[in-house]
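Colleague: I would like a close look at a single part of this model, explained slowly enough for a first-year student to follow. Please set that part in the context of the whole chain afterwards.

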Amino acid sequence: MDIAELADLHIIDCHSHFGGEDLDAIDGMIEHQRAGGIDQTCVLISSFPGRSNANPEGLYAKAKHPSTVYLFPGLDYAAVARDVDHRLTYSLAEQVDRLAEVGCDGIKMLNGKPNYRKTSGLALDSVIYDEYFARLAERHFPVLWHVNDPEEFWDPEQAPEWAKGPGWLYDDSFPTKESIYGECERVLEKHPTLTIIFAHFYFLSDDLPRAAACLDRYPNVCFDLAPGIEMLHNFTKRPDEARGFFLKYQDRIIFGTDFAPGGLLSRIWVVRNFLETEEEFHVPTDERLFWPDHRTMMRGIALPEKVLKKIYADNFRRIVGPEPRKLDPRKVIQELDRLTALQDATGAPRNTARRVATRLCDENAEGGWTTPYVGRTL
Ligand SMILES: [Zn+2]
C-alpha cells in the first residue's frame with residue numbers, strides 16, 4: 001500500500017540517528033520522516049570506547065526541535081580510558097545523573113553489538129558497568145540497548161550480501177551470540193528493575209517462544225522494530241505465530257526505523273506496511289541494508305488500530321515520557337564545555353562540541369543560553 005494511504009495515527013520513531021558535520025541536516029531528516037507519517041523521533045547517539053561521541057550533535061538536534069526530538073545520547077567512554085585527564089571525565093554512573101539533568105530522555109548503548117563487544121574487550125556484565133546500571137535502575141532512566149546481531153552474521157553461507165560490506169560477518173574470533181546473551185542476562189538478573197528497550201527485537205525474531213520468555217521474565221523490557229530486515233523475513237516465515245505474538249505483547253513492542261539523514265522512505269514504509277496490511281510484498285530493493293538478499297517476499301500481519309496506536313506511540317510515551325524532556329540550557333553548555341576541553345585534550349580531529357556550543361548560543365541569544373567557555377577554562 002502507498003505510504004500516504006496507511007493509517008493516520010500519531011507515530012514516534014524510537015530509533016533514529018543523527019551526527020556528523022552537517023548540523024542543518026536535522027531539519028531535512030525530520031521533514032523526510034514526516035513524509036513517512038512520523039511525528040516525533042528519538043535520536044540515538046552511538047558511542048564507542050576510544051572515540052569521542054556525537055552527543056553535541058544530538059543536543060543540537062533536540063535544542064532546535066524541542067517538541068519533536070527525544071534524545072538518547074551515548075556514554076562518554078573517556079571515563080574508562082587510561083590515557084585521559086580524568087579531571088575532564090565523569091564516571092559512567094555520574095553520567096546518568098548529568099544526562100538526566102541536562103534534559104536527555106534516556107541513554108543509547110551499542111556495546112553489545114558483536115564487533116564492538118570484540119574490539120572493546122569489555123563484557124556487558126563487566127564490573128565497570130555495575131554502578132552505572134544500578135543508577136539507571138534507581139532513576140528508572142531508560143536505555144535503548146543494541147545487544148547481538150542476526151544469527152546469520154556468524155554463518156558465511158547464510159549471511160546476506162549487504163551485511164558483508166560493513167564487516168558484519170563474524171568468524172571464531174568474535175564472541176558467540178549465546179555468550180553475548182549470557183552477559184546481558186546476567187545484567188538483567190542483577191538489576192531486574194532496569195528499563196530497557198532492546199533494539200531490533202533483541203535479535204530473537206526467529207525464536208518467538210524465547211522472545212516471549214524474555215518478556216515474561218523481565219517486565220521492564222521492551223523490543224523495538226527497527227530493521228534489521230531479517231526481523232520481517234523471520235515473521236514472514238510464520239505469520240500467524242508472529243501476529244499472535246504482536247497481539248499478546250502489544251504493550252511491549254515499539255516502532256522504530258533506524259532512520260538517519262539521507263534515509264529512504266522505504267525504511268519507514270516496510271515496517272508500517274508489515275504492521276498495517278495483509279499484503280504480500282517484495283522487500284524494498286533501494287535500501288543498502290535490505291538488499292541484495294536471498295529472501296525476497298514479505299507478508300504483513302494487519303494489526304488492529306488499537307494495537308497499532310500502542311506500538312506507534314503509547315508504549316514509548318509510557319516508558320520514556322509523554323513528551324520530550326526540556327533541555328536545561330545552562331547544563332547543556334556546561335556539558336558542551338566539558339566535551340570541548342576533552343576533545344581538545346584528546347586531539348579529536350574536529351571539535352564538534354565547541355562548534356555546537358557556539359552555534360547554540362549564537363542562535364538562541366534570547367533563550368537563556370549563556371556564552372560558552374569554549375574550552376578556555378572549566
Ligand atoms: Zn540504529
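Leaving aside its neighbours within four places in sequence, which residues is I197 in contact with?

Modeller: Please keep in mind throughout that this is a predicted model. Once the neighbours within four places in sequence are left aside, I197 is in contact with C14, P142, L144, C222, D224, I254 and I319. The residue itself sits in strand β6, which covers residues 196-198. I197 counts as buried because it has 28 C-beta neighbours inside 10 Å, and the cut-off for that word is 20 or more. A further residue helps to place it: S46 is 151 residues away from I197 in sequence, while the two C-alpha atoms are 15 Å apart in space.

The setting of this residue can be read from the chain as a whole. Of its 378 residues, 45% count as buried, and among the contacts with a separation of 6 or more, 77% are between residues 24 or more positions apart. The secondary structure comes to 14 helices and 10 strands. The radius of gyration is 20 Å, close to the 21 Å that the globule rule gives for 378 residues, so the chain is as compact as a globular protein of that length. Along the principal axes, the C-alpha trace spans about 60 × 45 × 40 Å.

One of the contacts of I197, namely C14, leads on to a sheet, since strand β1 takes in residues 12-17. This is an open sheet of three strands in the order β1-β2-β3, and the pairing in it is parallel. Its edge strands, each pairing on one side only, are β1 and β3, the latter made of residues 69-72. From one strand to the next, the twist averages 25°. Strand β2, residues 40-44, runs parallel to β3 and is joined to it by four bridges, and within this part of the sheet L44 stands opposite F72 in β3. Helix α2, residues 55-64, lies across β2 and β3, and runs at about 160° to β3.

The same helix comes up again when the chain is divided, for the domain assignment gives domain 1 as 3-321 and domain 2 as 328-378. The C-alpha centres of the two domains lie 28 Å apart, and their contact takes 16 residues from domain 1 and 18 residues from domain 2. On the side of domain 1 that touches domain 2, α2 and α3 each supply at least two residues, and α2 gives the most, with six residues. By class, the residues on this side of domain 1 divide into nine nonpolar, three polar and four charged.

Helix α3, which covers residues 92-102, also has a helix partner: its axis and that of helix α5, residues 130-139, come within 7 Å and cross at roughly 30°. The residues that make this contact are L92, A93, V96, D97 and A100 of α3, together with E131, Y132, R135, L136 and R139 of α5. Sorted by class, the contact of α3 with α5 has six nonpolar and four charged residues, and no polar ones.

To return to the starting point, I197 is a buried residue in strand β6, and its contacts include C14 and I319.

Technical notes: Residues numbered from 1 in each chain as written. Predicted model: local features only at pLDDT ≥ 70, side-chain atom pairs only at ≥ 80, totals over all residues. Rg over C-alpha atoms; globule rule 2.2 N^0.38 Å. Buried ≥ 20, exposed ≤ 12 C-beta atoms within 10 Å, placed from the backbone. Contact = placed C-beta atoms within 7 Å. Axes fitted to C-alpha atoms, helices over the stretch in contact; angles between N-to-C directions. Nonpolar A, V, L, I, M, F, W, Y, C, P; charged D, E, K, R; others polar. Pairing = 2+ DSSP bridges. Domains from an automatic or database assignment.
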